[in-house]
Structure formats: C-alpha cells, structure tokens
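Good morning, everyone. Please have a look at the chain on the screen while I talk you through it.

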Amino acid sequence: MQPKKVPVDGQARTCPQCGLATARLVRLDNYLSLFFIPLFPIKKGRIVLACKQCGGVWDQTTPAAPPEPRPIGPRCPNCDQIVEPSHRFCPHCGQRL
Ligand SMILES: [Zn+2]
Ligand SMILES: [Zn+2]
C-alpha cells in the first residue's frame, strides 16, 4: 500500500542534501484502499520534507525545539544563577562572588 503524498503548502524548501530549493513539505497519508479506490485516511500521516531532486525524505513531524536562549549576565559560580554585578554575595545560595 503506497502512502498518499499530500502537499502541505506550495512553499519550496531547501533540501538538506542537495542544498537546492527542490524540497516540499508533504504529508504521507495511509489510505485504506478497496479496489484501488481510496476510502478514507486511516490516520493522519507524518509530515516529511521530500526532495524531488534526490528523492530524499526527512521526517518533519517532530521538529527540533530551538535551544533555550541563555540570558547573558554575570553568574554565580556555585549555583549558576544570574546575579547583579554589584552583589558581593549570591542572593540565591550565599556564595561569595
Ligand atoms: Zn535533494
Ligand atoms: Zn549562587
């Protein structure tokens, strides 16, 4: 049973392999077919990035969460909390700064 490829949007995306804008986001839906007539989707399929150039497919269902931005500032060497530059002692753990 071949999954049906449903375009998510028409936006071209850069293929991680080719480096060209030849990839598209598609959803792979598995249809329960009877006599080759698609009846209904069994489940909503995975979102994949499919490249027509190299045929590569990359799973996009669980995109990597962007890393938490670390607030900049002086930090306590003991508890790693942000401290005021003027503080002589850490207000969190009492570590002398
Ligand atoms: Zn490619
Ligand atoms: Zn501390």
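I will go from the overall layout to the core, and then to a few single residues.

First, a caution. This is a predicted model. The chain averages a pLDDT of 81. Of the residues, 76% score at least 70. Which strand has the lowest confidence, and which the highest? The lowest is strand E3, residues 37-43, with a mean of 53. The highest is strand E4, residues 47-51, at 89. Where pLDDT is low, the predicted coordinates should not be read in detail. So I will spend my time on E4 and leave the details of E3 alone, given their means of 89 and 53.

Now the layout. How many helices and how many strands are there? Zero helices, five strands. Read from the N terminus, the order is β-β-β-β-β. The chain has 97 residues, and 8% of them are buried. What about contacts along the sequence? Take the contacts between residues at least 6 apart. Of these, 28% join residues at least 24 apart.

Next, the hairpin. Strand E4 pairs with strand E5, residues 57-59. The pairing is antiparallel and runs over three bridges. Five residues sit between the two strands. One residue in that turn is Gly55, with a positive phi of about 75°. Look across the pair and you find Val48 opposite Asp59 in E5. Those two are eleven residues apart along the chain, yet their C-alpha atoms are separated by 4.4 Å.

On to the core. Which residues form the largest nonpolar core? There are six: Cys15, Ala23, Val26, Val48, Ala50 and Cys51. Two elements give two or more residues each, strand E2, residues 23-34, and E4. E4 supplies the largest share, three residues. As background, nonpolar side chains tend to be buried together in soluble globular proteins.

Let us take the core residues one at a time. Start with Val48, in strand E4. Is Val48 buried or exposed? Buried, because 20 C-beta neighbours fall inside 10 Å, and 20 is the cut-off for buried. Beyond its close sequence neighbours, within four places, Val48 contacts Val26, Leu28, Val57, Trp58, Asp59 and Gln60.

Val26 is next, over in strand E2. Val26 is buried too, with 21 other C-beta atoms within 10 Å. Leave out residues up to four places away, and Val26 touches Lys5, Val6, Pro7, Val8, Val48 and Ala50. Val26 and Val57 are 31 residues apart in sequence, and 9.6 Å apart from C-alpha to C-alpha.

Then Ala50. With the same four-place rule, Ala50 touches Lys5, Ala23, Arg24, Val26 and Val57.

Now compare Leu49, also found in E4. How many C-beta neighbours does Leu49 have inside 10 Å? It has 18, so Leu49 counts as partly exposed. Buried would take 20 or more. In a regular strand, the side chains alternate between the two faces of the sheet. What does Leu49 touch, not counting residues up to four places away? Arg13, Ala23, Leu25, Trp58 and Gln60. Leu49 and Val8 are 41 residues apart in sequence, with their C-alpha atoms 9.8 Å apart.

Last stop, the segment after E5. Two residues there are worth a glance. One is Asp80, in that segment. Asp80 has a positive phi of about 65°, although it is not a glycine. Why is Asp80 called exposed? Because 11 other C-beta atoms lie within 10 Å, and exposed means 12 or fewer.

The other is His87, which also lies after E5. His87 is exposed, again with 11 other C-beta atoms within 10 Å. His87 and Leu97 are ten residues apart in sequence. In space, their C-alpha atoms are 7.5 Å apart.

To wrap up. The chain has five strands and zero helices. E4 and E5 form a hairpin. E4 gives three residues to the largest nonpolar core. Val48 and Val26 are buried, while Asp80 and His87 are exposed. And remember, all of this comes from a predicted model. Thank you.

Note on methods
Residues numbered from 1 in each chain as written. Chains lettered and ligands numbered in written order. Predicted model: local features only at pLDDT ≥ 70, side-chain atom pairs only at ≥ 80, totals over all residues. pLDDT = per-residue confidence, 0-100. Helix = DSSP H or I, 4+ residues; strand = E, 2+ residues; numbered from the N terminus. Pairing = 2+ DSSP bridges. Core = buried A, V, L, I, M, F, W, Y, C linked by C-beta atoms within 7 Å. Contact = placed C-beta atoms within 7 Å.
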